[in-house]
Amino acid sequence: MKRLTVFILGLCLLPAAWAGDVPGLVVKQSPHSAAETLDRLENVLKKKGIGIVTRWNHAEKAAGVDIPLRDTELLLFGNPALGSHMFTSQQTAGIDLPMKALAWKDENGQVWLGYNDPQYIADRHGISNRSEIIARMQGALDKLSDAAIAR
């Protein structure tokens with residue numbers, strides 16, 4: 001019986017592990033719908049003066065071409081005061097910036113919020129001389145995403 005309980009508990013934790021298994025992706029569980037999670041993130045970004053580039057509803061676009069997709073929305077946002085420092089080191093970072101946040105509902109109905117770790121972006125583009133900027137970006141993203149998923 002004990003083995004069965006451990007097995008079942010392990011299965012319950014698998015979706016959380018799978019959601020975070022994408023290299024360079026910071027993933028957090030959200031108690032809100034995908035849309036509400038991004039609404040909350042967008043509101044906190046605007047309050048902090050961070051620019052919103054666009055919002056893209058993947059599920060809505062997929063439905064428009066008769067492809068079923070669980071709730072999946074993307075928000076593009078940026079802070080040139082930080083991001084531009086990445087470009088002055090390596091302009092190719094522009095393919096990964098502005099930042100993106102993805103909210104999605106998985107097959108179990110759990111909503112997740114994910115974004116690229118700025119260190120992953122730096123590593124991808126060979127940026128080794130912006131550690132202070134990367135740390136500031138990581139700290140800000142952590143706080144902003146926590147606010148979006150707070151109860």
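**Exercise 1. Determine which residues of helix α6 are buried in this predicted model, and how they are arranged about the helix axis.**

*Solution.*
Step 1. A residue counts as buried when its relative accessible area is under 20%. In α6, the residues that meet this condition are I133, I134, M137, L141, L144, S145, A148 and I149.
Step 2. When α6 is viewed down its axis, these buried residues lie within an arc of 125°, so they line one face of the helix.
Step 3. Turned away from that buried side is a face with the exposed residues S131, E132 and K143.

**Exercise 2. Compare the expected span of helix α6 with the distance between its end C-alpha atoms.**

*Solution.*
Step 1. Helix α6 covers residues 131–149, which is 19 residues.
Step 2. The expected span is 1.5 Å times one less than the number of residues. For α6 this gives 27 Å.
Step 3. The end C-alpha atoms of α6 are 27 Å apart, which agrees with the expected span.

**Exercise 3. Describe the surroundings of strand β3 and identify its pairing partners.**

*Solution.*
Step 1. Seven of the seven residues of β3 are buried, so the strand is largely enclosed by the rest of the structure.
Step 2. The residues T72, L74, L76 and G78 point one way from β3, while E73, L75 and F77 point the other way; all of them are buried.
Step 3. One partner is strand β2 (residues 51–57), which pairs with β3 in the antiparallel sense over six bridges. In this pairing, E73 of β3 has N57 opposite it.
Step 4. Another partner is strand β4 (residues 99–105), which runs antiparallel to β3 and is joined to it by six bridges. Here T72 stands opposite W104 of β4.

**Exercise 4. Characterise the largest pocket by its volume, its lining and the elements that supply this lining.**

*Solution.*
Step 1. The volume of the largest pocket is about 250 Å³.
Step 2. Its lining consists of 17 residues, of which G78, N79, G83, M99 and M137 are the closest to the centre.
Step 3. At least two lining residues come from each of β3 (72–78), α4 (80–89) and α6. The largest share, five residues, is supplied by α4.
Step 4. Sorted by class, the lining has 13 nonpolar and four polar residues, and no charged ones.

**Exercise 5. State how many helices and strands the protein chain has, and give their order.**

*Solution.*
Step 1. The chain has six helices and five strands.
Step 2. Along the sequence they follow the pattern α-β-α-β-α-β-α-β-β-α-α.
Step 3. Of the 151 residues of the chain, 34% count as buried.

Definitions and conventions. Residues numbered from 1 in each chain as written. Predicted model: local features only at pLDDT ≥ 70, side-chain atom pairs only at ≥ 80, totals over all residues. Heavy atoms only, no water. Helix = DSSP H or I, 4+ residues; strand = E, 2+ residues; numbered from the N terminus. Buried < 20%, exposed > 50% of the residue type's maximum accessible area, 1.4 Å probe, protein only. Arc of directions from axis to C-beta. 1 Å grid on protein atoms, 1.4 Å probe; cavity = no way out; pocket = protein on both sides within 12 Å on 5 of 7 lines; lining within 4 Å. Points joined across faces, edges and corners; volume = space filled by probe spheres on them. Nonpolar A, V, L, I, M, F, W, Y, C, P; charged D, E, K, R; others polar. Pairing = 2+ DSSP bridges.
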